[in-house]
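Work through the following exercises with the model open beside you, and try each task before reading its solution.

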Amino acid sequence: MQTRIPYRWLALASLLAAAPLSGCVALLGAGAGAGGVAYVENGGVANYYAYYPVSVARASSAAQAAFSQVGIRYEGMIQKSPQEILIEGSDAQGQRVKVTIHSMATDVSKVNIRVGTLGDRKVSLAFQQALSNQLGIQPSSQEPAAVQPPAPTAPAPAAAPEQQTIPLQ
């Protein structure tokens, strides 16, 4: 009988030490569940894009005007290259909004919007509709068939070495 008592105390001490951890596990599980729900509601990690038969400059000025119509606060623009512009802002919930406009041809631009970490379908579609209204043109979800890429204005930077994929054995 005497040998059972130390084991009871050890079991009780282990239980008391593990009790605070159970709340953390429950909290992590709840967070993962909520993240999963947001992921599914938005259709996964989502960038929403459309093609417009306009130049990058025209799409850029129309996108800035569309921001105010959708309730997105404009925060700035970065011209990454002559063919690509990044416009940033934030929505009413404080989520980052990034719009990338890429020239597919002289008068064809691909406009891509990303709201927050996982994307927000409702805000993204509202933005694309407002942009369409600003331009007075209906967008296309398909890249035009006969798109000729614009001629580069500067020499292309040296390409990074390709990453190899090595199969597991």
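**Exercise 1.** How many residues lie between β2 and β3 in the hairpin that they form?

Solution. Bear in mind throughout that this is a predicted model. Begin by locating the two strands, β2 at residues 73–81 and β3 at residues 84–90, which run antiparallel and are joined by 7 bridges. As an example of the pairing, take Gln79, whose bridge partner in β3 is Ile85. Then look at the turn itself, where 2 residues stand between the strands of the hairpin.

**Exercise 2.** Determine which side chain of opposite charge is nearest to Asp120, and whether Asp120 is buried or exposed.

Solution. First place Asp120 in the loop that runs between β5 (108–115) and α3 (121–135). Next consider its surroundings: Asp120 is buried, and the nearest side chain of opposite charge is that of Lys122, 7.4 Å away. Since a salt bridge requires the charged atoms to be within 4 Å, Asp120 has none. Finally, turn to the backbone, because a polar contact needs N or O atoms within 3.5 Å; at the start of α3, a side-chain oxygen of Asp120 reaches to within 3.2 Å of the backbone nitrogen of Lys122.

**Exercise 3.** Check the length of α3 against its expected span, and identify what covers its buried residues.

Solution. At 1.5 Å a residue, the 15 residues of α3 should span 21 Å, and this agrees with its end C-alpha atoms, which are 21 Å apart. Then list the buried residues, among them Val123, Phe127, Leu131 and Leu135, whose cover includes β1 (48–52), α2 (56–70), β4 (96–105) and β5. Beyond the helix comes Gly136, with a positive phi near 70°.

How values were computed: Residues numbered from 1 in each chain as written. Predicted model: local features only at pLDDT ≥ 70, side-chain atom pairs only at ≥ 80, totals over all residues. Heavy atoms only, no water. Pairing = 2+ DSSP bridges. Helix = DSSP H or I, 4+ residues; strand = E, 2+ residues; numbered from the N terminus. Buried < 20%, exposed > 50% of the residue type's maximum accessible area, 1.4 Å probe, protein only. Lys, Arg positive; Asp, Glu negative; His and termini not counted. Expected span 1.5 Å × (residues − 1). Contact = heavy atoms within 4.5 Å. Polar contact = N/O pair within 3.5 Å; in protein donor to acceptor, adjacent residues only side chain to side chain.
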